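Ready for a few short exercises with a protein and its ligand? Keep the viewer open and try each task before reading its solution.

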Amino acid sequence: MAPVLTSKELVEGARREIVAHVAEEKQAGRVPCMAVVVATDDSAALSYARVKDRIAKELGIEVRIEVLDASTTQAALNQRMEALSNDPMVHGVLLELPLRRGLDANIAINCLAPQKDIDGLSDFNVARVAVGNEEVAIAPATPQACIAPAESETKVAGKLVTVIGRGRTVGRPLAHMLINRGATVIHCHSGTSDLPSLTSQCDILFTATGRAGLVGAAHVRAGQVVVDAGTDYSSGKVLGDVDAEAVGHVVKAYTPVPGGVGPLTTVFLFKNLLKAIALQTGSEQ
Ligand SMILES: Nc1nc2c(c(=O)[nH]1)N[C@@H](CN(C=O)c1ccc(C(=O)N[C@@H](CCC(=O)O)C(=O)O)cc1)CN2
């Protein structure tokens, strides 16, 4: 079996960096504060909010969780996002996804000032990433959490990579971020015909569809690194896109689910909060 690229060491390294950075912020008189808006009944999304709260406490970061009940309208959600964005004590706002039916995440997220959009999902941040201006953008956390384990195994620059998935939170920004890092990108999705021929020719395969077991032995070849950002809870436990048993016998290394991209996503959200502060205070131009 190929080595499993667990994210434990990367998470621990990132946490050490965050703790040091938070201490600097506190010396400068700021307590980094993230608002988490929960307007969903999705049990996974609710538990992610609680996980963020617990980890934030360990890192010295303040978290304000705002739960909006089932009667919340789009207008009320937008107003809450705007108010949190205008609060000088709040440095970043995150909207737990997916939202309740009838609420539009894009409209709500675009009510935030771009420098407070720590999910990096507002049109402003998406556009900055897409045009290669990532330095001064807030890039979404999950794509960052996909690239870090791949980079720990092999350089992304100059490689042929395939991305499966075109969602707004992972697949789409990930493809842009890989281009920004010098990779040659094949971008696939649910409508792609003959997926195995496009996934098996690349050096690094990223998958973010949420369809458990989509990637099997026919999709991979020896020597590849496979990064799995899929999460499917329909069976009662969390499963990735990759059939690890089948793929693990073929490839060079792969990230597991759980224990791979997920835990790294959370720490990159906190890193985004610190970048947001730098953008707000002008210490990053
Ligand atoms: N507004 C956002 N919503 C969502 C995002 C996001 O980046 N912004 N990503 C995911 C949720 N997410 C972080 O917010 C997240 C997902 C998974 C994990 C994680 O650690 N998963 C564990 C498995 C946990 C389990 O057993 O249930 C793992 O993979 O090891 C953390 C954060 C969707 N929503």
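Below are five exercises, each followed by a worked solution.

Some ground rules come before the tasks. Residues are numbered from 1 along each chain as its sequence is written. The model is predicted, so local features need pLDDT of at least 70 and side-chain atom pairs count only at pLDDT 80 or more, while totals for chains, interfaces and linings use all residues.

**Exercise 1. Find the confidence scores of the protein chain and the complex.**

Solution. Start with pLDDT, the predictor's confidence in each residue, from 0 to 100. The protein chain averages 96, and 100% of the residues score at least 70. Next, take the complex: its ipTM is 0.92 and its pTM is 0.96.

**Exercise 2. Describe the shell around the ligand: which residues are closest, and which elements give two or more residues?**

Solution. Count a residue as near if its C-beta atom, placed from the backbone, lies within 6 Å of the ligand. This gives 18 residues, the closest being Leu97, Val238, Pro258, Gly262 and Pro263. Now assign elements, using DSSP runs numbered from the N terminus (helices: H or I, at least four residues; strands: E, at least two). Strand 3 (92–95), helix 6 (141–153) and helix 10 (261–281) each give two or more residues, and the largest share, 4 residues, comes from helix 10. Finally, sort by type: 9 are nonpolar, 7 polar and 2 charged. Here Ala, Val, Leu, Ile, Met, Phe, Trp, Tyr, Cys and Pro count as nonpolar, Asp, Glu, Lys and Arg as charged, and the others, Gly among them, as polar.

**Exercise 3. Place the ligand relative to the domains: why does it lie between them?**

Solution. First, take the bounds, which come from an automatic or database domain assignment: domain 1 is 32–113 and domain 2 is 141–262. Their centres, taken over C-alpha atoms, are 28 Å apart. Both domains give residues to the shell, so the ligand lies between them. For comparison, an unreviewed UniProt entry lists "domain: Tetrahydrofolate dehydrogenase/cyclohydrolase catalytic" at residues 6–119, and "domain: Tetrahydrofolate dehydrogenase/cyclohydrolase NAD(P)-binding", also from an unreviewed entry, at 140–278. UniProt positions follow the numbering used here, feature names are shortened, and annotations may be inferred rather than shown by experiment.

**Exercise 4. Compare the span of helix 10 and of helix 6 with the expected value, then say how many residues of each are buried.**

Solution. The expected span is 1.5 Å times one less than the number of residues. Helix 10, with 21 residues, reaches 30 Å, close to the 30 Å expected. Helix 6, with 13 residues, reaches 19 Å, close to the 18 Å expected. For burial, count other C-beta atoms, placed from the backbone, within 10 Å of a residue's own: 20 or more is buried, 12 or fewer exposed, and in between partly exposed. By this rule 15 of the 21 residues in helix 10 are buried, as are 10 of the 13 in helix 6, including Thr142 and Gln144.

**Exercise 5. Locate the cis peptide bonds before proline 98 and proline 258, then decide whether aspartate 194 is buried or exposed.**

Solution. Leucine 97 and proline 98 are joined by a cis bond with omega about 0 degrees, and proline 98 sits in the loop between strand 3 and helix 4 (105–109). The bond from valine 257 to proline 258 is also cis, with omega near 0 degrees; proline 258 belongs to the loop between strand 8 (253–254) and helix 10. Aspartate 194 is in the loop between strand 5 (184–188) and helix 8 (195–199), and has a positive phi of about 50 degrees although it is not a glycine. Because aspartate 194 has 8 C-beta neighbours inside 10 Å, it counts as exposed.

Conventions: A residue is near a molecule or strand if its C-beta atom, placed from the backbone, lies within 6 Å of it.
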